[in-house]
Amino acid sequence: MAEDTLLLELPVKNPWEIIAYLPMGGWNDCPAPEEMISICKYWYEKYQAVPAAFTSDVLEFYAPAGLNKEDSLEAAKEHYAFCTDRIDQETRTCKVSELA
């Protein structure tokens, strides 16, 4: 896996702006890059979540302060609205509560 890892330093002021530099979104059911930038900014402002890891079709976030139970459920609902695959394909029960 290490040979497939690439660390980048991108010239951005805000963490959500890195989406503009990476080829992410705009295919299949994945939101367009502009929508991804908007939700990344929103999640940063609301949860201090920052884009942390990327693969060819996955974007993971890191929230340094963590989320309390109420915020976790709210974030899971927002995540489902943003990307249904995360719950529909990546949970055992296909329920928002499992992701939360």
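The following paragraphs lead through the charged pairs, the loops and some spatial separations of this structure. The model is predicted, and every value quoted below is computed from it.

The salt bridges offer a convenient point of entry. Side chains of opposite charge can pair when their charged atoms come close. A search of the whole structure finds 3 salt bridges. One of these joins the side chains of Glu45 and Lys41, with a nitrogen-to-oxygen distance of 3.9 Å. Both residues belong to helix α1, which spans residues 33-47. Glu45 and Lys41 are 4 residues apart, about one turn of that helix. Because its relative accessibility is 34%, Lys41 counts as partly exposed.

Helix α1 also contributes Lys46 to a salt bridge with Glu78, where N and O lie 3.0 Å apart. This pair links distant parts of the chain, since Lys46 sits in helix α1 and Glu78 in helix α2 (residues 69-82), 32 residues apart. The two partners can be compared by their accessibility. Lys46 has a relative accessible area of 34% and is therefore partly exposed. Glu78 has a relative accessibility of 12%, under the 20% cut-off, so Glu78 counts as buried.

Another salt bridge is formed by Arg92 and Glu98, whose closest N and O atoms are 3.7 Å apart. Arg92 is exposed because its relative accessible area is 76%, which is over the 50% cut-off. Glu98, which is found in helix α4, is partly exposed, with a relative accessible area of 29%. Glu98 also serves to illustrate a separation across the model: its C-alpha atom is 30 Å from that of Asn14. These two residues are 84 residues apart along the chain.

Not every acidic side chain is paired in this way. Asp29, Asp57, Asp85, Asp88 and Glu90 form a negative surface patch. Residues that take part in a salt bridge are left out of such patches, and over 30% relative accessible area is required of the members. Glu90 meets the area requirement because its relative accessible area is 55%, a value that makes Glu90 exposed. The place of Glu90 is the loop between α3 (85-88) and α4 (96-99).

The loop between α3 and α4 deserves further attention. Thr91 lies in this loop. In contrast to the exposed Glu90, Thr91 is buried, because its relative accessible area is 13%. What lies 2.6 Å from a polar atom of the Thr91 side chain? The backbone oxygen of Ile87 is found at that distance. The backbone nitrogen of Cys94 lies 2.9 Å from a polar atom of the Thr91 side chain. Thus the side chain of Thr91 has polar atoms close to the backbone of Ile87 and to that of Cys94.

Cys94 is itself part of the loop between α3 and α4. Its backbone has a positive phi of about 60°, although Cys94 is not a glycine. With a relative accessibility of 43%, Cys94 counts as partly exposed, because this value falls between the 20% and 50% cut-offs.

A positive phi of about 60° is also present at Gln48, again a residue other than glycine. Gln48 is located in the loop between α1 and β1, the strand that covers residues 50-54. Gln48 is partly exposed because its relative accessible area is 41%. The separation between Gln48 and Thr91 relates this loop to the one discussed above: their C-alpha atoms are 24 Å apart. Along the chain, the distance between Gln48 and Thr91 is 43 residues.

The segment before α1 completes the account. Is Ile19, which is found in that segment, buried or exposed? Ile19 is buried, because its relative accessible area is 1%, under the 20% cut-off. The C-alpha atom of Ile19 is 6.0 Å from that of Ile37. In sequence, Ile19 and Ile37 are 18 residues apart.

Terms used
Residues numbered from 1 in each chain as written. Predicted model: local features only at pLDDT ≥ 70, side-chain atom pairs only at ≥ 80, totals over all residues. Heavy atoms only, no water. Patch = residues over 30% accessible without salt bridge, like charges linked within 9 Å, V, L, I, M, F, W, Y side chains within 5 Å. Areas by Shrake-Rupley, 256 points an atom, 1.4 Å probe, with all protein chains shown as cover. Salt bridge = Lys/Arg side-chain N within 4 Å of Asp/Glu carboxyl O. Lys, Arg positive; Asp, Glu negative; His and termini not counted. Charge placed at Lys NZ, Arg CZ, Asp CG, Glu CD. Helix = DSSP H or I, 4+ residues; strand = E, 2+ residues; numbered from the N terminus. Buried < 20%, exposed > 50% of the residue type's maximum accessible area, 1.4 Å probe, protein only. Polar contact = N/O pair within 3.5 Å; in protein donor to acceptor, adjacent residues only side chain to side chain.
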